Amino acid sequence: MNHPNDIQAEDAVLSLRGVSKKIGGKRIVDQLSFNVHEGEVVGLLGPNGAGKTTTIRMIAGLIQMTEGDVFVRGSSIRHEWKKAIRHVGAIIENPEFYPYMTGYDNLKQYQRMNDWISNDRINEVVRLVGLENAMKKKVKAYSLGMRQRLGIAQALLHEPSVLILDEPTNGLDPAGIREMRDYLKTIAREEGISILVSSHLLLEMEQLCSRVVVIQDGKLVTVRTIGENGGSGQDDKDLVRVMFRVGHLEEARKVFGNLEKAEILKVEPEQNELILSLRYKDIPDMVTALGSAQIPIYQITELKESLEDEFLKWTGGNRIA
Ligand SMILES: Nc1ncnc2c1ncn2[C@@H]1O[C@H](COP(=O)(O)OP(=O)(O)OP(=O)(O)O)[C@@H](O)[C@H]1O
């Protein structure tokens, strides 16, 4: 299993180190550490009340941390706020716009307050979020999805290194959710920007993110890589469960029993199957050992649990999606 500390913080765009938030004696966020790397879309996943919004508000510098620190491109949110926050684009809750102004005029208004933003950049972010044809419309006529995308466009204007979004698909219909997902993926790819997005919807995270950070009761439960097929990622050192269907079950059991590298989890005599726990990189050694003992192998299958199965286990059965 990937552990957040396995990843060197030096090459992280965003790094949380031991971040905690206490309110009224209660730890709402508890010693949270994880990293987000360049161009990565990372999901902050957890059931309602897990502490996602509080975490995101601390990253964006909107509320103070009780302990720990957040580094953005190496600058501390606590001690070098201005330098750190320059690299952050965030949408927290609903973005505020002037409803009687057009989308374009809203972005121009933002440009006036940050006069180094060029007109070209405005056009670029408008294209990135697919609002080219809506720029002359008043914001009050925008759908929720369009408003969210205008919010993302505004958050991108100052060319941040990391974009932080709190539940951006809340209230969107399925088509709007799919659109948002496609735009976020495009933005990460084309801008080389890192995105941290919170959600309580597992399926949504599996479809959008390359990694998910799972939290529960303010604590980190696990960090998982999402495989291309939507399953869990695989590292040579990861422990995996593998089913071997063999010709001579008892002999195979003895062979495995003598090997330190594998642990027999289950024996299914009727199917001639053994289920082992071992490191991914040791699977070929198992095959060699069975071959040397002249035990026929009919099938080898890695038994994968879906992220959902695992999530239910981690959170003690609290379904999140
Ligand atoms: N200002 C506050 N005072 C007291 N308790 C708070 C405060 N802010 C948050 N909490 C509590 O902290 C916990 C985490 O809240 P938070 O909003 O961060 O969770 P969340 O994961 O974003 O949940 P949701 O998906 O429901 O928004 C909740 O139990 C919430 O009631």
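In which sense, right-handed or left-handed, does α3 pass α5? The crossing is right-handed. I will come back to that pair after a few words on the chain.

What you see above is a predicted model. The chain has 321 residues, and 33% of them are buried. The secondary structure consists of 10 helices and 14 strands. If we take contacts with a separation of 6 or more, 70% of them are between residues 24 or more positions apart.

Now the helix pair I opened with. α5 covers residues 144-156, and its axis lies 10 Å from that of α3. The angle between the two is about 25°. Angles under 35 degrees count as roughly parallel, so α3 is roughly parallel to α5. On the α3 side, the contact is made by Gly103, Asn106, Leu107 and Tyr110. On the α5 side, Leu150, Ala153 and Gln154 take part. By class, this contact has four nonpolar residues, three polar ones and no charged ones.

While we are on α3, which spans residues 103-113, look at Asp105 in that helix. Is Asp105 buried or partly exposed? Asp105 has 16 C-beta neighbours inside 10 Å, so Asp105 counts as partly exposed. Lys136 is 31 residues away from Asp105 in sequence, and their C-alpha atoms are 8.3 Å apart.

α5 has a second helix partner, α6, which runs over residues 174-191. Here the angle is about 15°, again with the axes 10 Å apart. That angle makes α5 roughly parallel to α6. The crossing of α5 and α6 is right-handed. From α5, the residues in contact are Gly145, Gln148, Arg149 and Leu156. They meet Gly176, Glu179, Met180, Tyr183, Ile187 and Glu191 of α6. This contact divides into four nonpolar, three polar and three charged residues. So charged residues are part of the contact of α5 with α6, whereas the contact of α3 with α5 has none.

Last, the ligand. Which residues are around it? Going along the chain, we have Ile23, Gly24 and Ile28, then Gly46, Asn48, Gly49, Ala50 and Gly51, then Lys52, Thr53 and Thr54, and finally His200. Helix α1, residues 52-59, gives the largest share of this shell, with three residues. By class, the shell has eight polar residues, three nonpolar and one charged.

That is what I have; the model is on the screen if anyone wants to look at the helices again.

Notes: Residues are numbered from 1 along each chain as its sequence is written. This is a predicted model: local features need pLDDT of at least 70, side-chain atom pairs count only at pLDDT 80 or more; totals for chains, interfaces and linings use all residues. Helices (H or I, at least four residues) and strands (E, at least two) are DSSP runs, numbered from the N terminus. A residue is buried if 20 or more other C-beta atoms lie within 10 Å of its own, exposed if 12 or fewer, and partly exposed in between; C-beta atoms are placed from the backbone. A residue is near a molecule or strand if its C-beta atom, placed from the backbone, lies within 6 Å of it. Ala, Val, Leu, Ile, Met, Phe, Trp, Tyr, Cys and Pro count as nonpolar, Asp, Glu, Lys and Arg as charged, and the others, Gly among them, as polar. Axes are lines fitted to C-alpha atoms, for helices over the stretch in contact, and angles run from 0 to 180 degrees between N-to-C directions. Angles under 35 degrees count as roughly parallel, over 145 as roughly antiparallel, 65 to 115 as roughly perpendicular and the rest as oblique. A crossing is left-handed if the near helix is turned anticlockwise from the far one by less than a right angle, and right-handed if clockwise. Two residues are in contact if their C-beta atoms, placed from the backbone, lie within 7 Å.
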